[in-house]
Structures are given as C-alpha cells and as structure tokens.
Amino acid sequence: MIHPATEVRYINRHVGCGLFATRSIPAGTITWSRDQLDREITPEQLLQYNEQARETILHYSYRNNKGNFIFCWDNTRYMNHNCNPNTCITAYEVEIAVRDIHAGEEVTNHYGMLNILEPFELADEKRTIIRPDDLLRHGKTWDNNLERVFPLLTRVDQPLRSLLSDEQWDTLCSVSRGECAMLSVLTCYINQHR
C-alpha cells in the first residue's frame with residue numbers, strides 16, 4: 001500500500017499519470033509496503049491469463065527476487081521512473097523516502113530496481129537506458145542512500161506501520177538504531193539460478 005499522503009494526477013499525454021505527495025513526506029518515511037491485497041503471480045500463472053490481462057499485469061507489476069510478478073492493487077501502480085528517485089526499495093518489502101518529498105512533488109522510484117524484463121531507453125537528452133541488471137549496476141549507490149536515511153525511520157511518523165508485522169517492524173527498528181546491518185538492495189535482484 002502506498003503512503004496515504006499521495007494522489008494520482010495527470011501529467012501529460014506522453015507520461016500519463018503520476019503519483020504526487022499531498023503533504024510533505026520526510027526522509028526515512030516508509031512510502032510503500034507490500035500488503036495482503038497485492039498479488040504474487042508466478043510466470044506459469046501469468047500464462048493462464050488472456051493477452052489483455054497479461055499486458056496489464058506486466059505493465060503494472062515489479063518482479064521479486066524469485067522472478068514472480070507482484071501486482072500492486074492500489075495507486076502504487078502510478079509511480080513513475082526517475083533516474084534520481086526520491087524513494088528506494090529495500091530488502092524488507094518496503095520502500096523508503098531517501099530524501100524529503102515536498103507537498104506537490106512527484107513520488108518516484110527507479111525502474112531498474114524492479115527486475116524489469118527488457119531494457120528500455122528514456123526519451124531524455126542523454127538517451128539513458130534502464131536495464132534489467134541495474135540493481136547490480138547501482139545497488140551500492142542505492143544502499144548508500146538508504147544507509148543515510150535508515151536512522152530516521154524511528155524518528156518520523158510512519159502511517160504504514162499498521163501494515164507491518166511486529167517482526168518486520170522490529171527488524172526495521174534494529175537496522176534504524178544500528179543494532180544490525182542493513183541488508184543490501186542486491187538481495188532484491190532476481191536470482192536466475194534458483
């Protein structure tokens with residue numbers, strides 16, 4: 001489930017819609033947590049859907065490290081890519097704001113974090129290519145961003161706390177307090193040899 005202080009807004013014909021903060025969201029805030037309504041679909045199950053449903057699932061899902069598609073039911077699906085995103089995935093099935101997100105600012109992540117199936121080129125000046133192995137390419141940078149804000153996790157309001165199990169929350173708090181090392185985002189990378 002996406003942070004409650006967000007809403008979907010139309011951007012333009014090329015981009016479509018995006019997800020925007022309706023109030024400030026401080027760095028260290030959990031901006032998304034997997035919940036009971038998100039569906040995990042195996043590649044074999046995906047083949048059982050008709051073509052239109054498969055395209056929808058592929059468009060609005062990310063793949064976990066098992067190679068299964070996680071189809072988010074809520075406005076999470078409108079989160080757009082940014083090469084300098086303001087949120088980051090973690091190894092704990094949550095995303096965290098890696099910097100303050102201001103009211104009216106678009107909430108973004110990097111699609112290279114999502115185990116995409118195929119590379120794609122951005123229509124920007126640099127002709128940037130987002131690749132399926134970007135977690136391996138940029139994981140260290142993303143880990144550094146998370147390590148910088150993880151200590152804030154226990155100091156800021158966490159509206160999504162109720163979605164987390166006590167065990168999950170205790171683990172996040174232990175990392176936040178420096179009692180245990182943060183697991184790298186590299187653990188999110190799809191393991192082709194499982």
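This report describes the nonpolar cores, the aromatic contacts and one buried acidic residue of a predicted model. Local features need pLDDT of at least 70 and side-chain atom pairs count only at pLDDT 80 or more, while totals for chains, interfaces and linings use all residues. Residues are numbered from 1 along each chain as its sequence is written, and side-chain values use heavy atoms, with hydrogens and water left out.

The largest nonpolar core (buried Ala, Val, Leu, Ile, Met, Phe, Trp, Tyr and Cys residues joined through side-chain atoms within 4.5 Å) has 40 residues, of which I30, I96, L146, F150 and L172 touch the most other members. At least two residues of this core come from each of the following elements, which are DSSP runs (helices: H or I, at least four residues; strands: E, at least two) numbered from the N terminus:

| Element | Residues |
|---|---|
| β2 | 16-21 |
| β3 | 30-33 |
| β8 | 87-89 |
| β9 | 94-97 |
| α3 | 134-149 |
| α4 | 166-176 |

Apart from this core lies another, of five residues, including L46, I57, F69 and F71.

Beyond four places in sequence, L172 touches I30, Y92, V94, F150, L153 and L164, where contact means heavy atoms within 4.5 Å.

Four aromatic pairs are found in the whole structure, a pair being rings of Phe, Tyr and Trp (its six-membered ring) with centres within 6.5 Å, stacked if the planes are under 30 degrees apart, edge-to-face if over 60 and tilted for the rest. The ring centres of Y92 and F150 are 6.1 Å apart and the planes stand at 70°, so this pair is edge-to-face. Y92 lies in the loop between β8 and β9 and F150 in the loop between α3 and α4, 58 residues apart; both are buried (under 20% relative accessible area, with exposed over 50% and partly exposed in between, for a 1.4 Å probe and protein chains only).

D134, in helix α3, counts as buried because its relative accessibility is 2%. Leaving aside neighbours within four places in sequence, D134 is in contact with H110, G112, I129, G139 and W142.
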